[in-house]
Amino acid sequence: MTQSGGGTGADLSITKTADQIPVVGLADFTYTIVVVNRGPEDATGVSVNDELPANTDLVAALSGQRICPQNGGTVTCDIGDMSSGAQVAITVTVTPLGFGQYTHTATVTTASQDPNLSNNDDEATVDVQDPGGEAVDLSVQKVASTRHRVVRRDRELHRDPHQHRHGLGHRRDAVRPAAGRGQLRVR
Ligand SMILES: [Ca+2]
């Protein structure tokens, strides 16, 4: 609670994750940033800077219900004081303007003494994929596979020994004329 005694400051940590991996098409995607004060003391003047990746438009940046302003491609969330053990979540939603990988870093700072600066930034990467490429390849493969199987079955039928051909022919005779007669009668 205080800076008195043998306090060791306030260890702020930040974790940034992408809510959606991958993103298919130029759809909005969201990063979630979580700031934790690992103590042991309370922190003052906590602030988060999040650099927006190039080639994106900011949709919204929220710390709780507060809007974090953007300035020159950097979103800044002034959190203020955080008691020991407190946690704050920030969401940053952007619109990608092209396909590819979007990586950016969020950094937390505090006016208090932070004894461990190695956990004060984190980055996340989102892969924005072209919806055309892979989907088209998959459908072509499926069609080719199906056609191949059909052709194989036809060849097997034509090349069957006489015994089998006779057996199949007998079955066809039993089925087809019945269907044909039914259609003729209807027409
Ligand atoms: Ca820290």
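Select strands E10 (100-109) and E11 (121-129). In this predicted model, strands E10 and E11 run antiparallel and are joined by eight bridges. To locate one rung of that ladder, pick Gly 100, whose bridge partner in E11 is Val 128. Strands of a sheet pair through backbone hydrogen bonds, either parallel or antiparallel.

**The sheet of six strands**

Next, extend the selection to the sheet around this pair. Reading across the open sheet of six strands, the order is E2-E11-E10-E4-E8-E7, and the pairing is mixed. Which strands stand at the edges? They are E2 (23-24) and E7 (70-71); each has a single partner strand, so one side of each is left without a neighbour in the sheet.

Keep E10 selected and add E4 (43-51). Strands E4 and E10 pair in the antiparallel sense, over four bridges. Among the residues to label here are Val 48 and its bridge partner in E10, Val 108.

Now move along E4 to Glu 51, which belongs to that strand. Is Glu 51 buried, partly exposed or exposed? Glu 51 has 15 other C-beta atoms within 10 Å, and is therefore partly exposed; the cut-offs are 20 or more for a buried residue and 12 or fewer for an exposed one. Draw a distance from the C-alpha atom of Glu 51 to that of His 104: the separation is 6.1 Å, although the two residues are 53 apart along the chain. Setting aside residues up to four places away in sequence, Glu 51 touches Gly 73, Thr 74, His 104 and Thr 105.

**The loop after E4**

Continue to Asn 55, in the loop between E4 and E5. Display its backbone, since Asn 55 has a positive phi of about 70° although it is not a glycine. Asn 55 is partly exposed, because 14 other C-beta atoms lie within 10 Å.

**The sheet of five strands**

The loop leads into the other sheet of the tour. This open sheet of five strands has the order E1-E3-E9-E5-E6, with antiparallel pairing. E1 and E6 stand at its edges, each with a single partner strand, so one side of each is left without a neighbour in the sheet.

Select E5 (residues 56-63) together with E9; the two pair in the antiparallel sense over seven bridges. Ser 63 is a useful residue to centre on. Its bridge partner in E9 is Ile 90, and its bridge partner in E6 is Arg 66. Strand E6 (residues 66-67) runs antiparallel to E5, and two bridges join them. Two residues lie between the strands in this hairpin, where Gly 64 takes a positive phi near 65°.

From E9, cross to E3 (29-40). Eight bridges join E3 to E9, and the two strands run antiparallel. One rung to display is that of Thr 30, whose bridge partner in E9 is Thr 93. Then follow E3 to Pro 40, which is found in that strand. The peptide bond from Gly 39 to Pro 40 is cis, with omega near 5°.

**The nonpolar core**

Return to E3 and select Ile 33 and Val 35, then add Val 48. These three have the most contacts inside the largest nonpolar core, which has 25 residues. Which strands supply at least two residues each to this core? They are E1 (10-18), E3, E4, E8 (74-82), E9 (87-96), E10 and E11.

Centre the view on Val 35. Apart from its neighbours within four places in sequence, Val 35 is in contact with Leu 12, Ile 14, Val 46, Val 48, Ile 79, Gln 87, Val 88 and Val 108. Two of these, Val 48 and Val 108, are the bridge partners already labelled in E4 and E10.

**The whole chain**

Finally, clear the selections and colour the protein by element. How many helices and strands are there? The protein has two helices and 11 strands. From the N terminus on, the elements run β-β-β-β-β-β-β-β-β-β-β-α-α. Colouring by burial instead shows that buried residues make up 20% of the 187 residues. Of the contacts with a separation of 6 or more, 75% come from residues 24 or more positions apart.

Note on methods
Residues numbered from 1 in each chain as written. Predicted model: local features only at pLDDT ≥ 70, side-chain atom pairs only at ≥ 80, totals over all residues. Contact = placed C-beta atoms within 7 Å. Core = buried A, V, L, I, M, F, W, Y, C linked by C-beta atoms within 7 Å. Pairing = 2+ DSSP bridges.
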